[in-house]
Amino acid sequence: KGWRDLLREHGPKAFAAAVRAHPGLLLTDTTWRDAHQSLLATRVRTIDLLAIAPATARVLAPAFSLEMWGGATFDVALRFLREDPWDRLERLRALVPNIPFQMLLRGANAVGYTNYPDNVVRRFVRLSAERGVDVFRIFDCLNYTENLKLGIDAVGEAGGVIEAALCYTGDVADPGRTKYSLQYYVDLAGKLVEMGTHVLAIKDMAGLLRPRAATLLVEALRAAHPDVPIHVHTHDTAGTGVASMLAAAAAGADVVDAAITTMAGVTSQPALGAIVAALHGSERDTGLAIADLSPLGTYWEQARSLYAPFEAGNLSGSADVYLHEMPGGQLTNLQFQANALGLASRWPAIKRAYAAANRLLGDIIKVTPSSKVVGDLAQFMVQNDLDEAQVLAQADTLSFPSSVVEFFQGHLGQPHGGFPEPLRTRVLRGRPTFEGRPGASLPDLDLDALAAELRKLTTMNLRDVDVVSAALYPAVFRDYLAFRAQFADVSRLPTRAFFASLPVGEELSVEIEQGKTLIVRMKAVGELGPDGQRDVFFELNGQPRSLRIPDKSAAQ
Ligand code: PYR
């Protein structure tokens, strides 16, 4: 029997005890979430996950979990892929009944970028657990325990496995370099265990946890909490990921994150196959066989090529990460944006400015959404040609990005060691501040009133999960509803057809439901009319058809 059966039959506490007792190193495969969030701008579509789900369920049956939801996937699914994230969860769950599903929950920010009312976070977590999420990794972007508590309590109430995270920054093997000492993490872990976490996660979102630091940190946490499983997450940005995960395993970590090798490396997680191979035959043997992993690697090599336009490329990997400390997902995103704006030559300056912005903000934990504050300030500095000393000198008069002002107001919570002064006072210029947990002063959202309002907007059957989507992403969800009023479920389109148009002469086959397939063959495209429309001639399952549709490229 697998871990999921054990969890369902005996609950999170017995599950955690069994994980602690397990001799081998357990693995979480992040291919379906963080790997593509960090390599391909989160663009991997449900159809490409479904195709490999049965094989994954078989091959990775001994895994601790599959990380497959949360983080940026929720927003990107609705906003860019025009598909429903809840459908993704349900459809994958149906194909993978045996392996625990894991999601990333941004504490009081749920799967968004701002603080939500407590009742929205609670409802979101409950519905996620009901729809099939088993393990919830909960973090706060400032390691602010008041914010973490909301997520921890919500997951506990929903019956999920609580995996509260220490977000790791700096270098515990180089004391004095940053304010995040070994003792800081040990104290934080103590609070999370007291709050009831079932598993302790070390969330190294930038890939800063070098092997020596992994040994020190895991040993210290293991000594303080002999009964609590430790789960380590890293990014392979500098290339030290496998070495760090092996060091963590040797120091007593129970679970580490890795990705299928053709979706691993650089800003993604370290390669799963490499960790399996490195531990083969040792007392921490993972129980997985390299030969069995091979088909998954081959599949992802091909699937990844469909997303080539979103590749940041291997250039984003570098030991520079120890200098700028940018999280994996943000690194590829900022580099992608810089290239798109023709600012590729400014990339080294952006990385230097990011480090300077972090110092100005008081050396903060950098992960969604605090990493955005640092990134916004860095871009502001590069655009306005300001160095650190100039920002300090001119702080009374500069128009700082709104995310920076809001950070100083306390919208994200309180950073370790407090806000840097006098910069805070000079940026705020008398604006109001939050001193405690920002969500504590947000009134509950009336979800019934929201449901009633949404029903006026759509003829679709509105589910409880849709109301939560609308609560989390009001504008994005309304846009999605408008799209769905016009188009069928595009999640069923093959990825090549979704991202590009179908050339004349080519055929597209779409399975709209089990055993029901539409085959579209493009025959011809007519002249552009004065109304900006064209006739499109095609065959649908062999029958000639035509449609007159607006040509969006002509409108530009
Ligand atoms: C996220 O919040 O999406 C991260 O991956 C940290």
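Select Ser65 to begin: leaving aside neighbours within four places in sequence, Ser65 is in contact (heavy atoms within 4.5 Å) with Leu27, Thr28, Asp29, Ile99, Pro100 and Gln102. The model on the screen is predicted, with local features requiring pLDDT of at least 70 and side-chain atom pairs counted only at pLDDT 80 or more, whereas totals for chains, interfaces and linings use all residues. Residues are numbered from 1 along each chain as its sequence is written, and side-chain values use heavy atoms, with hydrogens and water left out.

Ser65 belongs to strand β2 (residues 65-70); helices (H or I, at least four residues) and strands (E, at least two) are DSSP runs, numbered from the N terminus. Because its relative accessibility is 0%, Ser65 counts as buried, a term for residues under 20% relative accessible area, with exposed meaning over 50% and partly exposed in between, for a 1.4 Å probe and protein chains only. Show the side chains of Ser65 and Gln102 together, and a polar contact of 2.7 Å appears between them; such a contact is a pair of N or O atoms within 3.5 Å, where within protein one must be able to donate a hydrogen and the other to accept it, and residues adjacent in sequence count only if both atoms are side-chain atoms. Add Met103, which is 38 residues from Ser65 in sequence and 9.6 Å from Ser65 in space, C-alpha to C-alpha.

**Strands β3, β4 and β5**

Next select β3 (residues 101-105) and β4, which run parallel and are joined by 4 bridges; two strands pair if DSSP finds at least two bridges between them. Gln102, already on display, stands opposite Val135 in β4. Between the two strands the chain passes through helix α7 (residues 118-131), and this β-α-β crossover is right-handed, meaning that, with the strands pointing away from the viewer, the path from the first strand over the helix to the second runs clockwise.

Which residues of β4 are buried on each side? In β4 (residues 135-138), Val135 and Arg137 are buried on one side, and Phe136 and Ile138 are buried on the other. In a regular strand the side chains alternate between the two faces of the sheet. Extending the selection to β5 (residues 161-167) shows another parallel pairing with β4, again made through 4 bridges, in which Phe136 has Ile162 as its bridge partner. Helix α8 (residues 145-158) lies between β4 and β5 in the chain, and the three form a right-handed β-α-β unit.

**Strands β6 and β7**

Continue to β6 (residues 199-203), where 5 of the 5 residues are buried. Val199, Ala201 and Lys203 point one way from this strand, while Leu200 and Ile202 point the other way. Strand β6 pairs with β5 in the parallel sense over 5 bridges, one of which can be located by selecting Ala165 and its partner Ala201. The crossover from β5 to β6 goes through helix α9 (residues 182-194) and is right-handed.

Strand β6 also pairs with β7 in the parallel sense, over 4 bridges, and here Ile202 stands opposite Val232. These two strands and helix α10 (residues 211-224) make a right-handed β-α-β unit. Past β7 (230-233), in the loop that leads to α11 (241-250), select Thr237, which counts as buried because its relative accessibility is 2%. The side chain of Thr237 reaches the backbone oxygen of Ala206 at 3.4 Å.

**Helices α12 and α21**

Move to α12 (residues 272-279), in which Leu272, Gly273, Ile275, Val276 and Leu279 are buried. Viewed down the axis of α12, these residues fall within an arc of 165°, so they line one face of the helix; the arc is that of the directions from the helix axis to the C-beta atoms. Their cover includes β1 (26-29), α11, β8 (255-258) and α13 (290-305). Just after α12, look for Gly281, which takes a positive phi of about 85°.

In α21 (residues 447-455), the residues to select are Leu447, Leu450, Ala451 and Leu454, which are buried. They cover an arc of only 100° around the axis, which puts them on the same side of α21. The buried residues of α21 pack against α7, α22 (464-472) and α23 (474-486). At the start of this helix, a side-chain oxygen of Asp446 comes to within 3.2 Å of the backbone nitrogen of Asp448.

**The whole chain**

Finally, colour the chain by domain: domain 1 (3-309), domain 2 (314-440) and domain 3 (501-555), with bounds that come from an automatic or database domain assignment. The centres of domain 1 and domain 3, taken over C-alpha atoms, are separated by 42 Å.
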